[in-house]
Amino acid sequence: MSFLAAIRVALDALAVNKGRSLLTSLGIVIGIMAVISMVAAGSGVRERLDERLESVGKNLILIRPGGGKALSGVPTQFAPLTSEDAQALRDDPQLRRWLVGVAESQYYPTIVSSHITSHRVNITGGQPIIFTIRNWKLAAGRFYNDADVQRAAPVCLIGQTVREKLFPHYPNPVGERIRAGPTYLQIIGVLQPKGHTPTGDDQDNQIFVPITTLQEKLAYEKRIALLVSAARDPSWIGRATERIRKILRERHRIQPGTDDDFEVTSVQELANLGDTMTRYLNILIVVIASISLLVGGIGIMNIMLVSVTERTREIGIRMAVGATARDIRNQFLIEAVALALSGGLVGVISGIVAAILLGYFLNWPILVSLFTIVVAFAVSAGVGIFFGYYPAVKAARLDPIEALRYE
Amino acid sequence: MSDSSYSDVSNAASRAVQPQTVRPVIQLVQVTKIYNSGTVQVQALRGIDLEVFPGEFVAIMGASGSGKSTLMNIIGCLDRPTTGQYFLQGKEISQFTRDELASIRNKSIGFVFQNFNLLKRYTALENVELPLLYSGVPKRERRQRAEEMLGKVGLQDRMHHLPNQLSGGQQQRVAIARALVNNPKILLADEPTGNLDSKSSEQIMELLEQLNERGQTIILVTHEASVARCARRKVHIKDGRIAPTSSYLDADAEYPHGEAESKEDNGIYTPLDVIACARH
């Protein structure tokens, strides 16, 4: 019998028991649905994480005061970071080669007002190099420069979120003034949007001022929150991190065997963490999928065995008119595969729908890859063949005489 | 040299014994069948010698348990003899594999069963197409041949009916069309009228006779003498052997209306006894 004819015969048989066929493939449906939706949600999240890591800067190295984290997460050692520390890192010839630059930054959360409205925002004080390190781009105006830092100029750059809040109808508010407490700041530049950080902070909800302006005219204190740096090449991140630790330990006179009183982290570590989590998530998905496909497969085997018994007479008739064992085996095998594949199809469709709903309600990005769908179908077919084989062989081994006599 | 000439002579001699020069379609030589059911051995056939020639209409008769079903299964290539030889068109097939036998059933043998054995989900036409499906005949040709065959059994206007929309007689005619669609050498009918009323039975037997007159070799398995009457030759099976009451080749002249039949019938005469066989 030709393959096409065999497929027709098998599909005819399935069409007779539509409801039963559907129920039988439910296990496969659920398994495939779970895989498709979880992979879609997982890779969507991963994609967003990557995007945000990218926007933060993958080569970024952050140095915070406080180190030697105990289990509680509270630093056991603490010493403030100073501009002198930053300068020492800047002066190191090796770091100079590996790093784009080092910028101390200090934050001051406050309420800022335009002539229209006011808005709660984080003011970041830093060195001009911070724009290079963080790869900020201008939408309008200019960055502040060393001269502005030296004279603590009352100038600022605003992120897109701040612009939308404070100047809803001004695409370009360069030259306008905003007020933070008693201090007026003149807008000299507007930054292009960057989006959210991996931890969910809106990077565009920031105002950048020279660090001296922040320390002398806004916060009235010197407390460096962070030294920000970036490697010129990802392969230098590890070496640069070690070098930074060495220099700072020397400067802070930390005895060997004592914990750091600062913390050097890189975004790359965060990215690695993301990789690890994605890997675990994938293992979890594979485990869940395997279990539900096993259950689905057993369901198919079960219904195929029932079908073989129910249709013993039919098998006998087919054998009497010349069907070979192979014809019979193929007929039932194709039925099992068709069952599994239709389950796979329904599973893929409902998985995509579930992923979209999930993405909609959790505000997650969704990424359905063609590869996942192809794999889902291949696996469904595999399940059909694997679990359909035994019933099919059982049908093919029937004795035609016995089968014809079966009531 | 001398050996071969000798054997030629002997072959010629043995052929001369045969009333016909045609070769038999079916030749069984000392066929036995033993069933092993657990520890008990059942000898269903104890050495059957049988020849059926092209164009014959043979009835195989016997009570239940006589071995006639076993014989039919072996002739129909549904089963293999334990010992002995089975020549189908001169080919020894007793040791064929299951798949080879399937191919023979497909091309050389057409089955007609007591309970029709049509596929319920398939229309008459699709049922008739079934053997062609397994010989790999392309769809268009399949359809055309099946339609033609249904026309021959008088069901041209019932082709798209499902079996349960047809009367018993019509269903059996579909079955006959299915049996014949692949031009088999032998039509093997197992109690073809067993589930039919007398009128339908008569029509089916008439149809079989017509087919036989057109040259179709038919082997009919039955326990009813009235049905067997239409056959030109009767083979009685008793205890796994061919009973001496059987009639032989070219039995027309000495058609035994007497002793053998009445013994089998147990005196029960059904309305089928009135079936008029066209030949007689």
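This passage looks at a helix pair, the nonpolar cores and one exposed residue in a predicted model.

A good place to start is chain A, with helix α3 (residues 26-56) and helix α13 (residues 325-362). The axes of these two helices come within 7 Å of each other, and they cross at roughly 35°. The crossing of α3(A) and α13(A) is right-handed. Sorted by class, the residues in the contact between α3(A) and α13(A) are 15 nonpolar and 9 polar, with no charged residues.

Next come the nonpolar cores. The largest nonpolar core contains 121 residues, and the members that touch the most others are A336(A), I60(B), I219(B) and L220(B). Helix α3(A) supplies the largest share of this core, namely 13 residues. Apart from this core lies another one, made up of 27 residues, including I61(A), V102(A), I130(A) and I244(A).

It is worth pausing at I60(B). Leaving out residues up to four places away in sequence, I60(B) touches K68(B), L71(B), M72(B), V221(B), V235(B) and I237(B), as well as I219(B) and L220(B). I219(B) and L220(B) are themselves listed with I60(B) among the core members that touch the most others.

Finally, consider F361(A), a residue of helix α13 of chain A. F361(A) counts as exposed because 8 other C-beta atoms lie within 10 Å, and a residue is exposed if that number is 12 or fewer. Between the C-alpha atoms of F361(A) and V228(A) there is a separation of 36 Å, and the two residues are 133 residues apart along the chain.

Technical notes:
Residues numbered from 1 in each chain as written. Chains lettered and ligands numbered in written order. Predicted model: local features only at pLDDT ≥ 70, side-chain atom pairs only at ≥ 80, totals over all residues. Axes fitted to C-alpha atoms, helices over the stretch in contact; angles between N-to-C directions. Helix = DSSP H or I, 4+ residues; strand = E, 2+ residues; numbered from the N terminus. Left-handed = near helix turned anticlockwise from the far one by under 90°. Nonpolar A, V, L, I, M, F, W, Y, C, P; charged D, E, K, R; others polar. Core = buried A, V, L, I, M, F, W, Y, C linked by C-beta atoms within 7 Å. Buried ≥ 20, exposed ≤ 12 C-beta atoms within 10 Å, placed from the backbone. Contact = placed C-beta atoms within 7 Å.
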